Amino acid sequence: MSSSPPKRLEDLSLVQRDRLAYIDFRLYFFGEIGRPDLIERFGVAPAGATRDLALYREIVPHNITFDGSNKIYRIGQEFSPLFEHASLRILSALSLGFGDGVNGSMQALLPCESPAALSIPKMDVLATICRGIHAKRPVAIRYHSMSSGESKRVIVPFALVDTGLRWHVRAFDRKSREFRDFVVTRIEEPTLLDEEPQANERPHNDIQWTRIVELDFVPHPSVERPDIIKMDYGMTDGSIRMRVRAAVVGYMLQRWRGDCSPDHCLRGPEYRLWLKDHLAIYGVKNALLAPGYRATKKADY
């Protein structure tokens, strides 16, 4: 009687793949995994945990070895990840815990410290805004603006943006009749309206949102050891090239402390990057947030 061929990932259920991905993660980043790890994470019975480990070993036998004396599975010498582990998700898992964190407490998997978030949206406000985005419906709000104070508005939200310092929602504002950014922590009393957005309120009409800006960063010319900056940012061919929505460019440049002056005139240890072509952000409304930005006259473009 011939043995059955090894199973393939595409033949497994989503639940099985989730458990195998966790095994892969623990081996990759911790070097070991035991049955209790699966039992605690997924609530499976001991026999189920054993089957999952056996299945993983069947698919990638070179990735895992069994240490019988300690009754634990360890990473194989020829380990190669079975799954593609996204960097940002892994960093989040290591610092906050693996999983959705909805029903359980969030606990770091390794000692990890990160800056405390100072601007945290209220969940009832955020939830209503999210429902508006999902349902494509306007939302009536009370908003507190730094320039005009408190006002009642109706916005048509379509995306959330994390600037690294705060969360805002990109939306059409019926009061100004423009697409704008609304800081979520400044929103009060959001109410979902049961009506369709007008044609001009839909996101494809937001020029700053649909415009893609190509940015090219190089080590700041004032840095003494540019090779280290290249390592810090994973530069290839001596630069970082990225494509970003115009609506978020200013926030990103502000967070990265990228010198956007045409003559790289900013000095200080915080300026590690220089935007090679300052004209790339011509016409970007929030470019004023970018360090060293100088408004360019149209005749100079």
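In this predicted model, leucine 215 makes a handy starting point: leaving aside residues up to four places away in sequence, Leu215 touches Ile240, Arg241, Met242, Val244, Met252, Leu275, Ala280 and Ile281. Leu215 also belongs to the largest nonpolar core, a set of 28 residues. Along with Leu215, the residues with the most contacts inside this core are Val213, Phe217, Val249, Leu253, Ile281 and Val284. Several elements chip in, with at least two residues each coming from S5, strand S9 (212–219), strand S10 (240–245), helix H8 (246–256) and strand S12 (273–275). Helix H8 gives the most, supplying six residues. There is also a second, separate core, this one of 24 residues, with Ile33, Val44, Ile59 and Phe79 among them.

Strand S5 leads on to the sheet. Here five strands line up in the order S7-S6-S5-S4-S8, forming an open sheet with antiparallel pairing. The edges are taken by strand S7 (178–183) and strand S8 (187–192); each has a single partner strand, so one side of each is left without a neighbour in the sheet. From one strand to the next, the twist averages 45 degrees.

Within the sheet, strand S5 (residues 149–162) and strand S6 (residues 167–173) run antiparallel and are joined by seven bridges. Isoleucine 155, for instance, has aspartate 173 in S6 as its bridge partner. Packed on the sheet is helix H5 (residues 123–135), which touches strand S4 (139–145), S5, S6 and S8. The direction of H5 makes about 65 degrees with that of S5.

Methods. Residues numbered from 1 in each chain as written. Predicted model: local features only at pLDDT ≥ 70, side-chain atom pairs only at ≥ 80, totals over all residues. Heavy atoms only, no water. Pairing = 2+ DSSP bridges. Helix = DSSP H or I, 4+ residues; strand = E, 2+ residues; numbered from the N terminus. Axes fitted to C-alpha atoms, helices over the stretch in contact; angles between N-to-C directions. Contact = heavy atoms within 4.5 Å. Core = buried A, V, L, I, M, F, W, Y, C linked by side-chain atoms within 4.5 Å. Buried < 20%, exposed > 50% of the residue type's maximum accessible area, 1.4 Å probe, protein only.
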